[in-house]
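Let's look at how a few structural labels are earned. Each question below asks what stands behind a term.

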Amino acid sequence: MSTKSYPRAKRVGQQIQRALSELIRRELRDPRLGMITLTDVRMSSDLSYAKIYYSVLGADPHLAQQILTQAADILRGPLGRSLGIRHSPELRFVPDELIESGARLSALINKAVKDDQARHVDDEPVAQSDGAAESDEDGHYDSDQDEDGHYDSDQDDESDLEDPDQDDSDQDDSDQDDTASPRR
């Protein structure tokens with residue numbers, strides 16, 4: 001399998017995923033198979049091989065691997081006819097371990113968070129400084145607790161823009177300079 005990405009290989013892979021999932025549902029009526037989900041199809045650059053990643057729910061993964069491997073030759077003909085391609089790719093079924101590893105990592109993260117919370121139960125909460133804005137019990141900012149209830153970070157910027165003591169004559173001089181120079 002090539003690591004380079006080919007647009008046609010991606011398109012054919014997506015079509016194979018749709019058609020093959022329907023064929024597996026319709027043609028393979030083995031109750032030992034359980035629910036099969038095709039998660040990804042990777043095509044070789046010459047479209048001669050298709051690596052089909054799948055996940056299984058409600059069945060033994062090793063048994064599902066055997067059933068799908070045996071059915072690969074049976075599914076290859078109807079797949080080629082449904083796609084309308086001359087040469088149907090060789091099908092290679094591979095269990096998708098990405099979902100399982102994701103679930104395993106998620107469980108590890110949840111366990112670490114619980115252990116951390118259990119370790120820090122006796123710690124005192126960090127006191128807020130006097131200048132900090134008040135927040136509610138969830139840690140959200142409450143503007144009602146502010147002195148005037150407004151966000152005041154732009155207050156300094158507005159005072160710099162307009163100076164009430166500024167003389168209008170300075171502004172008139174700059175306008176005359178602009179009109180005296182020709183525009184190109």
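Q: What makes V56 a partner of a residue in the other strand, and which residue is that in this predicted model?
A: V56 lies in β2 and is the bridge partner of I36.

Q: Why are β1 and β2 called paired strands?
A: Pairing asks for at least two bridges between two strands. Strand β1 (residues 35-43) and strand β2 (residues 49-57) are joined by 8 bridges, so they count as paired. The two strands run antiparallel.

Q: What lies between β1 and β2, and what is the phi of L47?
A: The two strands form a hairpin with 5 residues between them. L47, in the turn, has a positive phi of about 60 degrees.

Q: Where else does L47 appear?
A: L47 helps line the second largest pocket, together with residues including M43, D46, S48, R8 and H87. That pocket holds about 150 Å³ of space.

Q: How do you know what character the lining of the second largest pocket has?
A: Its residues divide into 5 nonpolar, 3 polar and 3 charged. Among the lining residues, V12 and I85 count as nonpolar, whereas R76 counts as charged, because Val and Ile belong to the nonpolar class and Arg to the charged one.

Q: What share of the protein is called buried, and what does a residue need to earn that word?
A: Buried means under 20% relative accessible area, and 19% of the 184 residues in the protein are buried.

Q: How are the helices and strands ordered?
A: The protein has 5 helices and 3 strands, and from the N terminus they run α-β-β-α-β-α-α-α.

Conventions. Residues are numbered from 1 along each chain as its sequence is written. This is a predicted model: local features need pLDDT of at least 70, side-chain atom pairs count only at pLDDT 80 or more; totals for chains, interfaces and linings use all residues. Side-chain values use heavy atoms; hydrogens and water are left out. Helices (H or I, at least four residues) and strands (E, at least two) are DSSP runs, numbered from the N terminus. Buried means under 20% relative accessible area, exposed over 50%, partly exposed in between (1.4 Å probe, protein chains only). On a 1 Å grid over the protein atoms alone, a cavity is a set of points where a 1.4 Å probe fits but cannot get out, and a pocket is an open set with protein on both sides within 12 Å along at least five of seven lines; lining residues have an atom within 4 Å of a point. Grid points are joined across faces, edges and corners, and a volume is the space filled by probe spheres set on the points.
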